[in-house]
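Here is a quick tour for anyone opening this model for the first time. Have a look at it below, then read on.

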Amino acid sequence: MIRKWRDSIRLKINNYIIIDDFFPDEICTKLREKSLNAKEYTKKYWDYKALDFDNGDLESLQDISNKYVVPKIPLAEKYLRSWSFVYDNIARGVGIHADPSFINVNIWVTPDKCVENYNKNGLIIYHKHAPKEWSHDEYNWDKSYLKIKSYLKDSKYDRIPYKYNRAIIFKGSAFHSTDNVHMKPGEKNRRVNYTFLYDY
């Protein structure tokens, strides 16, 4: 209970928590290969592909969450869903959006040696959160991009650098986006991230 309270305070003050060396290496390898070797993807966007592990035929990752996430993050008790993204080697990535969750846990599972440009590939987290009166489509839909950009015009943000096996914990209501992608050529070098969503 004390750890949950401390983490809540850290999120409120600092907007995010970073934990490096989050998973055992074998779990990172397993998750990375699961995404890179997928025969079909749940969705395909213009420069990245998605696997949704809780909608459709894919096996849920709740067991991995229970075993490896919850012990390190007591706030992550109520699992909602998880997904992975596999990006083109050079990509813009996911645009600015927020999520319908209490907290997000974002983890990068591609080794650092695969990175071409260390000034890219990270995560941008804005200090402003989605207004409570906004609908899901307003804070999490491509067609709302201009509205979101206008809302965030004067917002400060933090740029989290990419690092293999780094977990970033932040509130789902915080607007966030990919900090562009530039990995070395080759399928095995693609940037792969996993996102776990949790409720209150």
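What follows covers the pockets, then a pair of strands.

Keep in mind that this is a predicted model. A handy way to think about pockets: rolling a probe the size of a water molecule over the atoms shows where empty space is left.

Let's start with the two pockets side by side.

| Pocket | Volume | Lining | Nearest its centre |
|---|---|---|---|
| Largest | about 830 Å³ | 34 residues | Tyr45, Tyr48, Phe85, Val94 and Asn140 |
| Second largest | about 310 Å³ | 15 residues | Ser101, Ala130, Lys132, Ser173 and Tyr200 |

So what is the lining of the largest pocket made of? It splits into 15 nonpolar, 13 polar and six charged residues. Several elements chip in with at least two residues each: strands E3 (48-52), E4 (78-87), E6 (103-108), E10 (174-179) and E12 (192-199), plus helix H5 (145-151). Strand E4 gives the largest share of that lining, with four residues.

For the second largest pocket, the lining comes out as eight nonpolar, four polar and three charged residues.

Now for the strands. Which way do E7 and E8 pair? Strand E7 (residues 122-129) runs antiparallel to E8, and four bridges join the two. Strand E8 itself spans residues 157-160 and has two faces: Asp158 and Ile160 sit on the covered one, while Tyr157 and Arg159 are on the uncovered one. Arg159, from that uncovered face, has Ile124 standing opposite.

Definitions and conventions
Residues numbered from 1 in each chain as written. Predicted model: local features only at pLDDT ≥ 70, side-chain atom pairs only at ≥ 80, totals over all residues. Heavy atoms only, no water. Buried < 20%, exposed > 50% of the residue type's maximum accessible area, 1.4 Å probe, protein only. Pairing = 2+ DSSP bridges. 1 Å grid on protein atoms, 1.4 Å probe; cavity = no way out; pocket = protein on both sides within 12 Å on 5 of 7 lines; lining within 4 Å. Points joined across faces, edges and corners; volume = space filled by probe spheres on them. Nonpolar A, V, L, I, M, F, W, Y, C, P; charged D, E, K, R; others polar.
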